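Let's take a look at some aromatic rings and a small sheet. Have the sequence and the structure open as you read.

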Amino acid sequence: MKVKTISRPEDFARERSGDIFKVQRNLDPVLHPFERAREYTRALNSTKLERLFAKPFVSALTGHVEGVYCMAKHPTHLSTIMSGSADGEIRIWSLSSQSCLWKAQGHKSFVRGLACVPYSDNFVSVGEDKVVKMWNRSKDEALNTYISKNVFTGVDHHRSNPMFATSSIAIDLWDHSRAQPVQTLAWGAETITSVKFNQTETSVLASCGTDRTVILYDIRTSTPISKVVMAMRTNAIAWNPMEAFNFTIANEDHNCYTFDMRNLANTLSVAKDHVSAVLDIDYSPTGEEFVTGSYDRTIRIFGARDGRSREIYHTKRMQRTFCVKFSMDSKFLLSGSDDGNIRLWKTKASDKLGSLTNREKDAREYAAAVKERYKHMPEIRRIDKHRKVPKAIKGAAGKKSVMEQSLKRKEDNRRKHSKPGAVPFKAERKKHILTTEE
């Protein structure tokens with residue numbers, strides 16, 4: 001009797017009994033007439049599941065008695081964060097254990113700025129008591145104390161040199177081993193509210209002042225490079241870590257403006273969505289996104305060139321947000337607010353905490369791919385963009401929209417009833433820039 005057996009290659013069989021059976025697929029589109037319909041359904045379901053599992057809040061780091069007004073992240077220690085509060089207390093936190101590792105009474109009043117010294121355990125703090133202190137996380141007392149005549153508003157450290165910059169009525173550059181500033185930079189501002197070193201072009205720094213100016217300096221020549229005057233005051237500056245020429249400012253007019261330092265007469269993008277002053281801003285280490293904290297008690301995440309936010313975070317108990325930071329792996333956000341808490345959030349609200357199996361990774365990548373393919377479909381776009389926001393913010397956003405439409409209508413009417421060219425059109429990217437100086 002002749003017996004026919006099925007002969008299969010070795011790669012067809014399973015390696016282990018627990019493995020999934022391999023399925024042979026013919027990808028000829030003629031054999032799959034409903035492929036698009038199936039993919040659309042999968043994209044819709046994955047969008048719904050993403051919103052269902054969107055739980056961004058991770059935990060709150062409690063311990064500060066007063067509001068948290070400044071934070072700093074260590075460039076090489078992934079899970080270390082520093083915070084300063086209104087009562088002068090400084091704390092170092094571990095994000096992995098969500099606990100306080102070190103604390104000290106650093107200043108007699110507000111801590112206005114913190115900056116880590118790269119490649120070491122030292123960090124710098126400034127306060128309203130006119131004192132700069134150098135600390136080491138293994139010691140309770142300050143290593144060095146630098147005394148000034150003026151109240152400090154901010155501090156930032158150089159990427160590689162033993163040098164840091166402080167802001168007050170002028171920008172002072174300090175060497176670690178000197179008791180007095182080695183350079184002083186100023187260009188007409190009454191008070192400089194923030195100063196930031198460029199992390200790529202390390203000799204360039206940017207500052208913003210109470211006279212609505214944003215000024216760029218070169219510390220090699222000890223001179224200003226250029227200045228732009230905005231319609232309203234700028235509260236914070238953040239350099240893009242991947243695009244050396246670009247920086248974004250957080251403004252009092254509820255918007256964030258991205259500039260190219262080579263052309264300050266025009267903005268690259270305008271990020272709108274907040275309904276109150278934007279108080280702080282920080283870029284992701286990837287340079288693809290930035291996070292903003294506002295006086296309206298919300299945190300928003302924007303794409304580096306997007307005009308609208310992709311995410312909004314808020315809680316009932318969170319008060320005015322004065323400082324925000326991305327973690328160094330860009331997977332988490334930190335926000336410090338008036339209520340004395342530091343809150344830890346996920347960058348992607350629906351991400352799973354912990355390790356993923358290969359099957360989970362493949363499923364998530366496939367879901368992201370089909371969602372990207374069908375993101376323009378009305379139902380998917382509606383579900384993906386829908387967010388629940390507090391009643392006060394929704395009401396304020398509605399009023400703001402009515403006011404903007406009214407101003408636009410008024411300008412159109414003036415243009416209609418004036419002679420041609422009397423009321424020129426002005427681009428949104430140039431509308432809030434008053435003047436530039438070189």
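## Two tyrosines

Tyr 40 comes out as partly exposed, since its relative accessibility is 24% and the partly exposed class runs between 20% and 50%. Keep in mind that this is a predicted model. Tyr 374, on the other hand, is buried, with just 7% relative accessible area.

Searching the whole structure turns up 15 aromatic pairs. One of them joins these two tyrosines: the ring centres of Tyr 40 and Tyr 374 are 6.1 Å apart and the planes sit at 80 degrees, so this is an edge-to-face pair. Tyr 40 belongs to helix α1 (residues 35-52), while Tyr 374 is in the loop between α2 (358-373) and α3 (378-385), so the contact ties together parts 334 residues apart in sequence.

## More rings

Phe 57 and Trp 345 also pair edge-to-face, at 5.3 Å centre to centre with 70 degrees between the planes. Phe 57 is in strand β1 and Trp 345 in strand β28, so this pair bridges 288 residues of sequence. Phe 57 is partly exposed at 38%, whereas Trp 345 is buried at 1%.

Elsewhere, Tyr 146, Phe 152, Phe 164 and Trp 174 are linked into a cluster by ring pairs. There's a charge over a ring too: the charged end of Arg 320 sits 4.2 Å from the ring centre of Tyr 295.

## A four-stranded sheet

An open, antiparallel sheet runs β6-β7-β8-β9. β6 (111-116) and β9 (144-147) are the edge strands with a single partner each, so one side of each has no neighbour in the sheet. Strands β8 and β9 pair over four bridges, and Lys 133 faces Thr 145 in β9.

Definitions and conventions
Residues numbered from 1 in each chain as written. Predicted model: local features only at pLDDT ≥ 70, side-chain atom pairs only at ≥ 80, totals over all residues. Heavy atoms only, no water. Pairing = 2+ DSSP bridges. Helix = DSSP H or I, 4+ residues; strand = E, 2+ residues; numbered from the N terminus. Phe/Tyr/Trp six-rings, centres within 6.5 Å; stacked < 30°, edge-to-face > 60°. Buried < 20%, exposed > 50% of the residue type's maximum accessible area, 1.4 Å probe, protein only. Lys NZ or Arg CZ within 6 Å of the ring centre and 35° of its normal.
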